[in-house]
Amino acid sequence: MRIHQPPAGTRDILPLEVAQKRWIADRIQAVFHQWGYQRIITSTLEWVDALTAGGAIHPSTVIQVENTTGGRLGLRPELTASIARAAATRMAGDVFPQRLYYNANVFRRTPGGNHGRQVEFFQTGVELLRAGGTRADSEILLLLVDCLGSLGLEDCSVILGEASLTRSLLNLFPPSDQDRVRACIAHLDRVGLTRLGLSPELEQLALLLFDLRGEPRAVLQKVSHLNLDEQGQQIIHNLKNLIERVEESASTHFSLILDLSLIQTIDYYTGIVFEVVYVQDQQSRVLGKGGRYDQLLGLYHPQGESAPGIGFALNLEEVYSCLLDSEQLPRSAPQIDWLVIPSNDQAEKAAFDYAQKLRQSEHLVRVELELGGRSSDEIRQYARMCNINRLAWIQVDGKPEIELLGNVEN
């Protein structure tokens, strides 16, 4: 058995990296709290039928772990479906809108096999449930921008699309061509698009859809020349209002790019969809994705009653990679404040009591207890290596002899 390393696609996270990622998550969580969001924790293990969200998530991406008499079980590939299930079944009677956030790991298989690719990811994100309209859309986009600003990640790009409008534009193609055109656009395959054998008119339309990306007002101007129905025109009107509101209200500098060819691989989105992209050292990183899903909750409600929802997820691994060179991240694991040392075996109880007294301080105090087997010089050497500056040598009567190593701030 290969017990000396974790399974392919997973990895251990050691204390320093834990401290750095906790720093990131804590700052994002503080923003969630400022906006009134409350944490929810859902099961890591779910029924596969629940995880695939009525077919919107391809079953091949779900890592299945067991077949039972009740059905197939799998590891969650994302959080939105699980939260929608919980909200529709266990929170249906709660007041709304419901503002929920999460910080959890997800597991995702790459279609066609992992071949050593990562299968475990860490995400933090929000879901705003039972709230529709551009005001809720604006809240989510502005919350996303605030999260980036809290980490010092300014000058990100938010790529904004509109799933229902893109679907209506795809409906201009014959049904036999729609999936092929959609696949080429989703994978940014312009060459493949020109090789589909479309008629000149349809190929021109496909290339126009492919190129509906750029400065929002310029893109909206292009779309206005298309033969849109009343619903399409309303979507354009809502997009215009949304863009103006977000650009006027954002507290962090960012660029907004309208991309009506943006298609997410998860197919439950019904309104705006978006990605946040950060360019560093000429490399683009997708830090997060999100969008509106107004039919998803109905899949889980016992009576099929649907309700609007919108949210986003940030990939903590990608955010962490962008901040590695930042001076903000902690450069060491949390420092131990005290090392408490029993002077002999008879002083053990007194040492435990003294250590506990230190831990009960009003502020967080990290205290280690010396477990024995080392000389005084070895204990001091250990303390210096671990940057522990305060040593308390405890006598049998409980009296401490305090020793300071290095520079200690009062």
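Both faces of strand 7 (residues 156-162) are covered in this predicted model, with Cys 156, Val 158, Leu 160 and Glu 162 buried on one side and Ser 157, Ile 159 and Gly 161 buried on the other. Here buried denotes a relative accessible area under 20%, exposed one over 50%, and partly exposed the range in between, computed with a 1.4 Å probe on protein chains only. Strands (E, at least two residues) and helices (H or I, at least four residues) are DSSP runs numbered from the N terminus. Because 7 of the 7 residues of strand 7 are buried, this strand is largely enclosed by the rest of the structure.

As the model is predicted, local features need pLDDT of at least 70 and side-chain atom pairs count only at pLDDT 80 or more, whereas totals for chains, interfaces and linings use all residues. Residues are numbered from 1 along each chain as its sequence is written, and side-chain values use heavy atoms, with hydrogens and water left out.

Strand 7 belongs to an open sheet of 9 strands, in the order 1-5-6-12-11-10-7-9-8 and with mixed pairing, where two strands are taken to pair if DSSP finds at least two bridges between them. The edges of this sheet are strand 1 (38-39) and strand 8 (213-214), each of which pairs on one side only. Strand 7 is joined to strand 9 (residues 254-259) by 5 bridges, the two running parallel, and the bridge partner of Val 158 in strand 9 is Leu 256. With strand 10, strand 7 shares 6 bridges in the antiparallel sense, and there Ser 157 has Val 277 as its bridge partner. Elsewhere in the sheet, strand 6 (residues 120-129) and strand 12 pair antiparallel over 7 bridges, with Leu 129 bridged to Gly 309 of strand 12. Helix 3 packs on the sheet and touches strand 5 and strand 6, its direction making about 40° with that of strand 6; contact means heavy atoms within 4.5 Å, and angles run from 0 to 180 degrees between N-to-C directions, the axes being lines fitted to C-alpha atoms, for helices over the stretch in contact. Helix 5 (residues 163-170) lies across strand 7 and strand 10 (272-280), running at about 50° to strand 7.

A separate open sheet consists of 3 strands in the order 2-4-3, with antiparallel pairing. Its edge strands are strand 2 (45-47) and strand 3 (63-68), each pairing on one side only, and the twist averages 30° from one strand to the next. Strand 2 is joined by 3 bridges to strand 4 (residues 71-75), which runs antiparallel to strand 2, and Trp 47 stands opposite Leu 73 in strand 4.

The largest nonpolar core, a core being a set of buried Ala, Val, Leu, Ile, Met, Phe, Trp, Tyr and Cys residues joined through side-chain atoms within 4.5 Å, has 71 residues, and those with the most contacts inside this core are Ile 24, Leu 153, Leu 160 and Phe 312. Helix 4 (residues 134-150) gives the most to this core, with 9 residues. When residues up to four places away in sequence are not counted, the residues touched by Leu 160 include Leu 141, Leu 239, Ile 257, Leu 262 and Phe 274. Another core, of 32 residues, lies apart from the largest one, and among its members are Ala 56, Ile 57, Met 91 and Ala 313.

Helix 1 (residues 15-34) and helix 4 pack at an angle of about 140°, with their axes 9 Å apart. Arg 27, Ile 28, Val 31 and Phe 32 in helix 1 meet Leu 143, Asp 146, Cys 147 and Ser 150 in helix 4.

Several local features lie in loops. A cis peptide bond, with omega about 10°, joins Phe 96 and Pro 97, and Pro 97 is placed between helix 3 (80-90) and strand 5 (98-107). Most residues other than glycine have a negative phi, and most peptide bonds are trans. Asp 155, in the loop between helix 4 and strand 7, has a positive phi near 65° and is exposed, with a relative accessible area of 51%. Leu 188, between helix 6 (175-186) and helix 7 (190-194), likewise has a positive phi, of about 55°, and is exposed at 62%. His 301, in the loop between strand 11 (283-292) and strand 12 (309-315), counts as buried at 13% relative accessibility; leaving aside neighbours within four places in sequence, His 301 is in contact with Ala 88 and Ala 92.
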